[in-house]
Amino acid sequence: MLSVPPTRSRFWIVSAALVTAVLLSGCNNKEKDELAMMKDRNSQLQLDLDKQTATLESAEASRRAADEENARLKAAADAAMASGANTGGSTTGGNVPSLPTNLPPGVTARVEGNSVIVDIPGDVLFDSGKATLRTDAKKTLDGVAKSVKASYPGKAISVEGFTDADPIKKSKWADNWELGYERARAVGKFLVTKGFADSQFRYVSYGPTEPKSSKKQSRRVELAIVDAGSN
């Protein structure tokens with residue numbers, strides 16, 4: 001029987017161990033490379049998903065803005081038709097809405113068709129990113145309430161919130177649309193405490209879709225008094 005010297009046996013054992021270690025190392029490196037590739041692929045897929053989500057959200061925001069604008073135009077058209085019916089079927093030559101008087105400083109008003117728009121600066125009403133009325137804002141809204149009630153008693157009012165285009169980052173709101181709506185609601189709720197009926201109001205958010213010349217001017221709440229020119 002052929003015997004193998006102990007020294008040679010140890011040599012073969014060590015050699016086999018080294019070969020096994022090299023093979024295992026190669027397998028581990030391959031697995032690491034595959035894992036890295038999978039992570040890169042997942043990251044790319046997540047980026048693609050985020051882009052698609054942003055596109056869908058933008059499209060949804062545009063659709064909502066269009067729906068709100070259509071609703072506003074329809075309300076104005078219905079009011080104009082009702083006014084025409086009450087004056088013998090003609091809306092030509094009707095009363096041009098008059099602007100409210102004694103508005104507080106910084107609050108402006110303009111005529112749009114048969115509606116009057118009262119523009120209240122958002123920075124007067126709210127702190128940045130907030131929808132809770134500032135203490136000094138209540139004095140301003142009290143003056144607005146007195147002026148609007150005296151000028152347009154019982155009229156339907158669309159309370160509309162607008163924001164700048166800066167994305168929401170550090171507040172609880174999902175986006176500027178939600179912030180604009182909650183600010184409109186805060187103004188409406190306060191006006192109800194000043195003698196307006198809750199049924200007079202509807203609430204709309206235009207978010208950042210109708211900016212003005214500056215961010216400061218873009219942040220605002222508008223009161224659109226519908227059919228303001230009729231008695």
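Q: How should the relative accessibility of D136 be read: is D136 buried, partly exposed or exposed?

A: The structure is a predicted model. The partly exposed class lies between the buried limit of under 20% and the exposed limit of over 50%. D136 has a relative accessibility of 44% and therefore counts as partly exposed.

Q: With which side chain does D136 meet in a salt bridge?

A: Side chains of opposite charge can pair when their charged atoms come close. In this model the partner of D136 is R134, with an N to O distance of 3.3 Å. R134 is likewise partly exposed, its relative accessible area being 27%.

Q: How many salt bridges does a search of the whole structure find?

A: The search returns 11 salt bridges.

Q: Where do D142 and K146 lie, and how far apart are they in residues?

A: Both belong to helix α3, which spans residues 137-151, and they are four residues apart, about one turn of the helix. Their side chains form a salt bridge with an N to O distance of 3.6 Å. As for accessibility, D142 is partly exposed at 22%, whereas K146 is exposed, with a relative accessible area of 56%.

Q: Which residue forms a salt bridge with R219, and what is the distance between the closest N and O atoms?

A: The partner of R219 is D164, and the closest N and O atoms are 2.7 Å apart. R219 sits in the loop between α5 (215-218) and β5 (220-225), while D164 sits in the loop between β3 (157-162) and α4 (176-192), so this pair ties together parts that are 55 residues apart in sequence.

Q: Are R219 and D164 buried or exposed, or does either fall in between?

A: Because buried means under 20% relative accessible area, D164 at 9% counts as buried. R219, at 21%, counts as partly exposed.

Q: Which residues are joined into one network by salt bridges that share partners?

A: The network consists of R110, E112, R220 and E222.

Q: Which residues make the nonpolar surface patch, and what is its area?

A: A residue can enter a patch only with over 30% relative accessible area and no salt bridge. Here V96, L99 and V111 make a nonpolar patch of about 260 Å². L99 counts as partly exposed at 42% relative accessibility, and its position is in the loop between α1 (6-86) and β1 (108-112).

Key: Residues are numbered from 1 along each chain as its sequence is written. This is a predicted model: local features need pLDDT of at least 70, side-chain atom pairs count only at pLDDT 80 or more; totals for chains, interfaces and linings use all residues. Side-chain values use heavy atoms; hydrogens and water are left out. Patches are made of residues with over 30% relative accessible area and no salt bridge: like charges are joined within 9 Å, nonpolar side chains (Val, Leu, Ile, Met, Phe, Trp, Tyr) within 5 Å. Accessible areas come from the Shrake-Rupley method with a 1.4 Å probe; for residues, only the protein chains shown count as cover. A salt bridge is a side-chain nitrogen of Lys or Arg within 4 Å of a carboxyl oxygen of Asp or Glu. Helices (H or I, at least four residues) and strands (E, at least two) are DSSP runs, numbered from the N terminus. Buried means under 20% relative accessible area, exposed over 50%, partly exposed in between (1.4 Å probe, protein chains only).
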